[in-house]
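User: Could you take a close look at one part of this model for me and then tie it to the rest of the chain? I'd like the cut-offs spelled out as you go.

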Amino acid sequence: MQPNVGILDRLFRLVLGIGLIGAALAENSVFGTAILLYGAVAVGAVLVATATLRICPLYTLLGLRTCDCERSD
């Protein structure tokens with residue numbers, strides 16, 4: 001798969017993902033219920049993974065790219 005996540009998009013995803021995971025794992029979590037807590041960790045993990053791999057499956061489905069990378073179509 002070709003990368004489709006650009007530099008600024010990666011940075012935003014990484015910061016938001018780490019922030020969500022950190023907020024969920026904090027001792028006095030802002031998430032009241034377990035479902036919100038686990039949901040925040042899951043969303044944070046997906047954001048960190050897409051930032052690390054530079055591939056977003058949703059962008060692929062929608063035909064979006066924020067990357068300057070050259071295509072090999």
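Analyst: Arginine 54 counts as partly exposed because its relative accessibility is 26%, where buried means under 20% relative accessible area, exposed means over 50%, and partly exposed is in between (1.4 Å probe, protein chains only). Arginine 54 is found in the loop between helix H2 (34–53) and helix H3 (57–62). The helices here are DSSP runs of H or I with at least four residues, strands are E runs of at least two, and both are numbered from the N terminus. The backbone is worth a look too: arginine 54 has a positive phi of about 65 degrees although it is not a glycine. For background, most residues other than glycine have a negative phi, and most peptide bonds are trans.

Before going further, a quick word on the ground rules. This is a predicted model, so local features need pLDDT of at least 70 and side-chain atom pairs count only at pLDDT 80 or more, while totals for chains, interfaces and linings use all residues. Residues are numbered from 1 along each chain as its sequence is written, and side-chain values use heavy atoms, with hydrogens and water left out.

Now for the rest of that loop. Cysteine 56 also lies in the loop between H2 and H3, but cysteine 56 is buried, because its relative accessible area is 7%. Leaving aside residues up to four places away in sequence, cysteine 56 touches Asn4, Val5, Arg13 and Thr50, a contact being heavy atoms within 4.5 Å. The C-alpha atoms of cysteine 56 and asparagine 4 are separated by 6.6 Å, with their places 52 residues apart along the chain.

One of those partners, valine 5, sits in the segment before H1. Valine 5 counts as buried because its relative accessibility is 1%. Its contact list, again not counting residues up to four places away in sequence, runs to Arg10, Arg13, Thr50, Arg54, Ile55, Cys56, Tyr59, Thr66 and Cys67. So you get back to arginine 54 from the other side, since Arg54 is among the residues that valine 5 touches. Valine 5 and isoleucine 55 are 50 residues apart along the chain, yet their C-alpha atoms are separated by 5.9 Å.

Next, threonine 50, which lies in helix H2. Threonine 50 is buried because its relative accessible area is 7%. With the same exclusion of residues up to four places away, threonine 50 touches Val5, Arg13, Ile55, Cys56 and Pro57.

Arg13 keeps turning up, and it has a partner of its own. Arginine 13 forms a salt bridge with aspartate 9, and the closest N and O atoms are 3.1 Å apart; a salt bridge here is a side-chain nitrogen of Lys or Arg within 4 Å of a carboxyl oxygen of Asp or Glu. The structure holds one salt bridge. Arginine 13 and aspartate 9 both lie in helix H1 (residues 7–25), four residues apart, which is about one turn of the helix. Both of them are buried.

Further along H2 there is valine 48, which is partly exposed because its relative accessible area is 23%. Valine 48 touches Arg13, Leu14, Gly17, Ile18 and Ile21, not counting residues up to four places away in sequence. Valine 48 and arginine 10 are 38 residues apart in sequence and 8.5 Å apart in space, C-alpha to C-alpha. For contrast, take isoleucine 7 in helix H1: isoleucine 7 counts as exposed because its relative accessibility is 73%. The C-alpha atoms of isoleucine 7 and glycine 44 are 18 Å apart, at 37 residues along the chain.

Zooming out, the chain has three helices and zero strands, in the pattern α-α-α along the sequence. Among contacts between residues at least 6 apart in sequence, 69% join residues at least 24 apart. Of the 73 residues, 21% count as buried. The radius of gyration is 14 Å, whereas a compact globule of 73 residues would be near 11 Å; that radius is taken over C-alpha atoms, and the globule rule is 2.2 Å times the number of residues to the power 0.38. The C-alpha atoms fill a box of roughly 50 × 20 × 15 Å along the principal axes.
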